[in-house]
Structure formats: C-alpha cells, structure tokens
Amino acid sequence: MTENTRTPILAANWKMYKTSAEAGEFLRTLLGMIGGVEQRQVVIAPAFTALAAAASELEGQDLVTLAAQNMYFEAEGAFTGEISARMLQEFGVRWVILGHSERRHIFGEGNKLIGRKVKAALAAGLIPILCIGETLSEREQGNTLKVLEGQLEAGFSGVDSGDASGMVVAYEPVWAIGTGVTATPEQAQEAHGHVRDWLKKRYASDVAERIRILYGGSVKPGNVDQLMALPDVDGALVGGASLEPESFARIVQCETGRI
Ligand code: PEP
C-alpha cells in the first residue's frame, strides 16, 4: 500500500452567513484556539463581502487561508452579479469551492458550467474544491456511483495531470448537507474509494494518490474523528458546524492519524 502523505484539509463553508465584523471576530477567536495545530490546512470560505476583513485578520500566519464560495469563468465583462478569479485573488484567496450542491440545485448550475469554472480557476492559479454528490433519490435508485462519475467527468474535463494533482474533490451527499444526517463510515468510504479509483483510471496512480478528497455533510465535533479515520477521507468541508469558533476549532483539532 502507498504511504498516505496527503495533508488533511479542514474547510469552513460559511454560505450566506457573517458580516465583515462577525467574520473578523470569529477569526480572532479561532486563531487564539488553534495556535499549536500543525500538519493540516485550514480553509475559510466567507461571503465575498467579508473577504477583506478576513484577509486582514489572517495576515502574518499561514495555517488558515481563504477560499471563495463560487466564481465565474470569464475574466471580466457584462456579467451582473458575478465575480472573477482576479477579483478574489486581490484578497489573497487561494481556493474556490465549485459545484456546491446549493449552486447546483438552487441556482441550476450544471456539470458543463462547473467544468468551465474549474478550468478558469486553474488557469488563474486558484485551487478548485470540486463538490460532487448524489441526491437521496439518486442514492435510493442505486445511481450514486454513476452520478459521481458524471460529475467527475465534467469537473476534470480538459484538466491535465499536472493540474489535477493539486485539485481537491469534496464528496458531499446532498441528503447529508444541513440535515444533521451524516453518511455512515461505510457509505463515505465507498464513495471516496470510488472517486479515488476513478481518478486512478483517468490519471496515473501517483496523481490520484495526491488528490485530496474531503467529506462534507453534517460534519460535527462528534463525528469528525470517525470520518477522518477512513483511508480515503482527507479532510472535511463543513457548513453549519463551522459557524461557531468552538465547534470549528474542535473539528480543526481532529485526530487525523497521519504524519
Ligand atoms: C456544506 O455546506 O458544504 C455542508 C457540508 O454543510 P453542513 O456541514 O451544514 O451539512
């Protein structure tokens, strides 16, 4: 078996919560709580309007970095309400969440659009966190792995192995997001293992072994250690439980069992 050297990522998706002032206060508290943490990357995705305050709070340390929750694939132009990679990078944003289930299901984003965003993010030097996941009815119909494959196919379309190895995938079953229902360890490992196998077929084994696959869907302080113990779970993307510093700090301090 290949040694697992993937550095875990603990990522907070704040969705449409927190003003600039609230983001600043949260980060001051969080940094005070996770000072000694090592060998993991902590990522915060605030609302666009809180990026400036968050960036100024995070100056002078490199444990916690910023993500955006979305972006458009064009560099600039007449695209009312959208934001470009360059605009995000002005605030030191390094990562971008793409294809989150709320973007897919509330705002109608499809696989093709998400694939274009992934390529634009990579071209600009941002790291995409590509979200994939099945709905409850897709799972009940036995289509989970097929749905994941379609989302991976579109998300990695046109991405060469050099870029792919730096990308992050987040497996987020739609039925587990914001519901309090978490995938069982067996369900999570089955999906993550399948994603890893797909990546091995699409790229080389060493590339697939470098790609981090996060689990998302009602991750909490009480279940994070169990999820992080799974061989193909390389981190967590956290919504609700990332909104309070105490709870997110505990998630950041999870047991990873990795060196
Ligand atoms: C998410 O928004 O990506 C998410 C996983 O939310 P929650 O943790 O609240 O289920």
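**Figure 1. Residues that surround the ligand in the predicted model.** The ligand is surrounded by 14 residues, and the closest are Lys 15, Glu 172, Gly 178, Ser 218 and Gly 239. Sorted by class, this shell comprises eight polar, four nonpolar and two charged residues.

**Figure 2. Polar atoms of Lys 15, Glu 172 and Ser 218 beside oxygen atoms of the ligand.** In the side chain of Lys 15, a polar atom lies 2.7 Å from an oxygen atom of the ligand. For Glu 172, an N or O atom of the side chain is 2.7 Å from a ligand oxygen atom. Ser 218 contributes a polar backbone atom, which is 2.8 Å from an oxygen atom of the ligand. On its own the ligand has 300 Å² of accessible area, of which the protein covers 96%.

**Figure 3. The crossing of helices α5 and α7.** Helix α5 spans residues 111–124 and helix α7 spans residues 144–155. Their axes come within 7 Å and cross at roughly 40°. Helix α5 is therefore oblique to α7, since angles between 35 and 65 degrees are neither roughly parallel nor roughly perpendicular. On the α5 side, the contact is made by Asn 111, Gly 115 and Val 118. Helix α7 supplies Gly 150, Gln 151, Ala 154 and Gly 155. By class, the residues of this contact are five polar and two nonpolar, with no charged residue.

**Figure 4. The loop between β1 and α1, with Lys 18.** Strand β1 covers residues 9–13 and helix α1 covers residues 20–33. Lys 18, in the loop between these two elements, has a positive phi of about 80° although this residue is not a glycine.

**Figure 5. The loop between α1 and β2, with Gln 39.** This loop leads to strand β2, residues 41–45, and contains Gln 39. The phi of Gln 39 is positive, at about 55°, and Gln 39 is likewise not a glycine.

Definitions and conventions:
Residues numbered from 1 in each chain as written. Predicted model: local features only at pLDDT ≥ 70, side-chain atom pairs only at ≥ 80, totals over all residues. Heavy atoms only, no water. Near = heavy atom within 4 Å. Polar contact = N/O pair within 3.5 Å; in protein donor to acceptor, adjacent residues only side chain to side chain. Areas by Shrake-Rupley, 256 points an atom, 1.4 Å probe, with all protein chains shown as cover. Nonpolar A, V, L, I, M, F, W, Y, C, P; charged D, E, K, R; others polar. Axes fitted to C-alpha atoms, helices over the stretch in contact; angles between N-to-C directions. Helix = DSSP H or I, 4+ residues; strand = E, 2+ residues; numbered from the N terminus. Parallel < 35°, antiparallel > 145°, perpendicular 65-115°, else oblique. Contact = heavy atoms within 4.5 Å.
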